Amino acid sequence: MRLGVLDVGSNTVHLLVVDAHPGARPLPAHSHKVELRLAQLLDEDGAIGPEGIDKLIAVVRDALQAAEDKGVEELLPFATSAVREAGNADEVLARVKAETGVDLQVLTGAEEARLTFLAARRWYGWSAGKLLVLDIGGGSLEIAYGIDEEPDAAVSLPLGAGRLTAAWLPGDPPAPDDVRALRRHVRAQIARTVGEFRRFGAPDHVVATSKTFKQLARIAGAARSAEGLYVQRELKRASLESWVPRLAAMTVDERAELPGVSEGRAGQLLAGALVAEGAMDLFGVEALEICPWALREGVILRRLDHMPGE
C-alpha cells in the first residue's frame with residue numbers, strides 16, 4: 001500500500017510518501033517539504049500565535065493535497081517538540097483537526113527517541129550490536145541506546161538547534177561570550193544523562209540521524225546526498241572540533257555557502273554543532289556513522305509491524 005507520513009516538526013513540515021507492505025523495505029515515492037520554523041513562531045508566553053496556526057493549517061492543507069495527488073491510502077500525521085511544548089498545544093491541535101480533518105498525534109520526546117532508534121536498528125540490523133543513536137532536531141536532542149529493537153534507555157533533551165539558536169545566539173556572527181555560555185549549557189544538560197547510559201556498557205556502533213548531523217558530516221568531507229543512501233558517511237569528533245570555532249566566526253550567509261548547508265538551516269548550524277560536539281565528547285565517541293533512516297521511517301515501520309501479512 002502507499003503510506004504517507006506527515007511530520008510537523010520544529011523546522012519543517014514534511015510529507016514522506018512510501019510504497020510499503022509488511023516484511024519489505026519502505027520505498028520512497030515522493031517528498032513534500034515546507035520550512036515553517038514553528039519553533040520560531042512562539043510568542044513570549046510560549047504559545048503559537050494566530051498567524052503561526054494559520055500558516056500551519058495552510059501547509060497541512062497543501063500536504064494533504066500532495067498526498068491525495070500521489071495516491072496515499074493512509075496518512076500517519078504526527079507532531080514533535082514545537083507543538084508538544086507550545087503553551088496552547090490543545091488549541092493548535094483542535095484548529096488543525098477542525099479545519100483540515102487531520103488529527104495530529106503528538107509524540108513524546110521518549111517516543112521520538114524510541115521510534116528513531118527502531119529505524120536505525122532496522123537499517124543496520126542485528127550485526128550492529130549495542131547501538132547508540134543520536135538525533136538533533138529543531139527543538140530537541142534525542143538519545144537512545146540498546147541491543148534490541150526497543151532501546152534500554154531513551155531520553156529527550158530541550159537541545160534542538162533551532163531552539164538554542166533563538167534563545168542563546170542572537171548575533172550574526174554570535175558574540176564569543178554567547179557561544180561559550182551555550183557550550184556550557186549544552187554540556188551540563190547532556191552530562192546529567194550520561195550515567196543513565198553508561199551502566200549498559202560501551203556501544204558497539206554509534207549512529208546519528210537528522211539534517212544537522214548530515215550537514216556537519218558533509219562540511220567535514222562526507223559524500224553528497226546525490227551519491228545515494230548506501231554510501232557510508234562518517235563524522236569524526238576531531239574534525240567536528242576543528243569546525244566549531246570556524247562556524248562560530250562565520251555569518252549566517254557565510255555558513256550557507258558551505259557544501260551541503262541549506263540557507264534555511266545555516267543560522268542554526270553552530271548550535272547544532274555545539275550539541276553534536278558535546279554529545280560525542282561526553283559519551284566518548286570518536287566517530288559516528290550517519291543513518292539515512294530516522295523518525296519518519298520509524299513511524300512507518302511501527303505501522304507496518306501492526307499490519308497483517310499477506
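Colleague: Which residue is the bridge partner of Ala208 in β11?

Modeller: This is a predicted model, so the answer is read from predicted coordinates. To find a bridge partner, look across from one strand to the strand it pairs with. Here Ala208 has Ile290 as its partner in β11. The two strands are β9, residues 205–209, and β11, residues 287–290, and they pair in the parallel sense over 2 bridges.

Colleague: In which order do the strands of that sheet lie?

Modeller: An order is read from one side of a sheet to the other. This open sheet has 6 strands, in the order β8-β7-β6-β9-β11-β10, and the pairing is mixed. At the edges are β8 (153–157) and β10 (234–236), each of which pairs on one side only. From one strand to the next, the twist averages 20°.

Colleague: How many bridges join β1 to β4?

Modeller: Strand β1 (residues 2–8) and strand β4 (residues 74–79) run parallel and are joined by 6 bridges. One of the partners is Phe78 in β4, which is matched with Asp7. Strand β4 is also joined to β5 (residues 105–106), by 2 bridges, and these strands run parallel. There, Ala79 has Val106 of β5 as its bridge partner.

Colleague: Now for helices. At what angle do α4 and α12 pack?

Modeller: For a helix pair, read the angle and the distance between the axes. Helix α4 (residues 109–124) packs against helix α12 (residues 295–305) at about 80°, and the axes are 7 Å apart. An angle from 65 to 115 degrees counts as roughly perpendicular, so α4 is roughly perpendicular to α12.

Colleague: Which residues make the contact?

Modeller: From α4 they are Glu112, Leu115, Thr116, Leu118, Ala119 and Arg122; from α12 they are Leu295, Glu297, Gly298, Val299, Leu301, Arg302 and Asp305. Sorted by type, the residues of the contact of α4 with α12 are 6 nonpolar, 2 polar and 5 charged.

Colleague: How many aromatic pairs does the structure hold?

Modeller: It holds 4 aromatic pairs. To describe such a pair, take the distance between ring centres and the angle between ring planes. For Trp123 and Trp293 the centres are 5.2 Å apart and the planes are at 65°, so this pair is edge-to-face. Trp123 is in helix α4 and Trp293 is in the loop between β11 and α12, so the pair links parts of the chain that are 170 residues apart. Trp123 and Trp293 also form one aromatic cluster with Tyr230.

Colleague: Is Trp293 buried or exposed?

Modeller: The cut-off for buried is under 20% relative accessible area. Trp293 has 11% relative accessibility, so it counts as buried.

Colleague: What kind of pair do Tyr145 and Phe200 form?

Modeller: Their ring centres are 5.8 Å apart and their planes are at 25°, so the pair is stacked. Tyr145 belongs to strand β7 (residues 141–146), while Phe200 is in the loop between α6 (176–198) and β9, 55 residues apart. With a relative accessible area of 2%, Tyr145 is buried. Phe200, at 24% relative accessibility, counts as partly exposed.

Colleague: Where is Arg237 found?

Modeller: Arg237 is in helix α8, residues 237–249. A charged residue can be checked for burial like any other. Arg237 has a relative accessible area of 12%, so it is buried.

Colleague: Which residues is Arg237 in contact with?

Modeller: Setting aside neighbours within four places in sequence, Arg237 is in contact with Met280, Asp281, Gly284, Val285 and Glu286.

Note on methods
Residues are numbered from 1 along each chain as its sequence is written. This is a predicted model: local features need pLDDT of at least 70, side-chain atom pairs count only at pLDDT 80 or more; totals for chains, interfaces and linings use all residues. Side-chain values use heavy atoms; hydrogens and water are left out. Two strands pair if DSSP finds at least two bridges between them. Helices (H or I, at least four residues) and strands (E, at least two) are DSSP runs, numbered from the N terminus. Axes are lines fitted to C-alpha atoms, for helices over the stretch in contact, and angles run from 0 to 180 degrees between N-to-C directions. Angles under 35 degrees count as roughly parallel, over 145 as roughly antiparallel, 65 to 115 as roughly perpendicular and the rest as oblique. Contact means heavy atoms within 4.5 Å. Ala, Val, Leu, Ile, Met, Phe, Trp, Tyr, Cys and Pro count as nonpolar, Asp, Glu, Lys and Arg as charged, and the others, Gly among them, as polar. Buried means under 20% relative accessible area, exposed over 50%, partly exposed in between (1.4 Å probe, protein chains only). Rings of Phe, Tyr and Trp (its six-membered ring) pair if their centres lie within 6.5 Å; planes under 30 degrees apart count as stacked, over 60 as edge-to-face and the rest as tilted.
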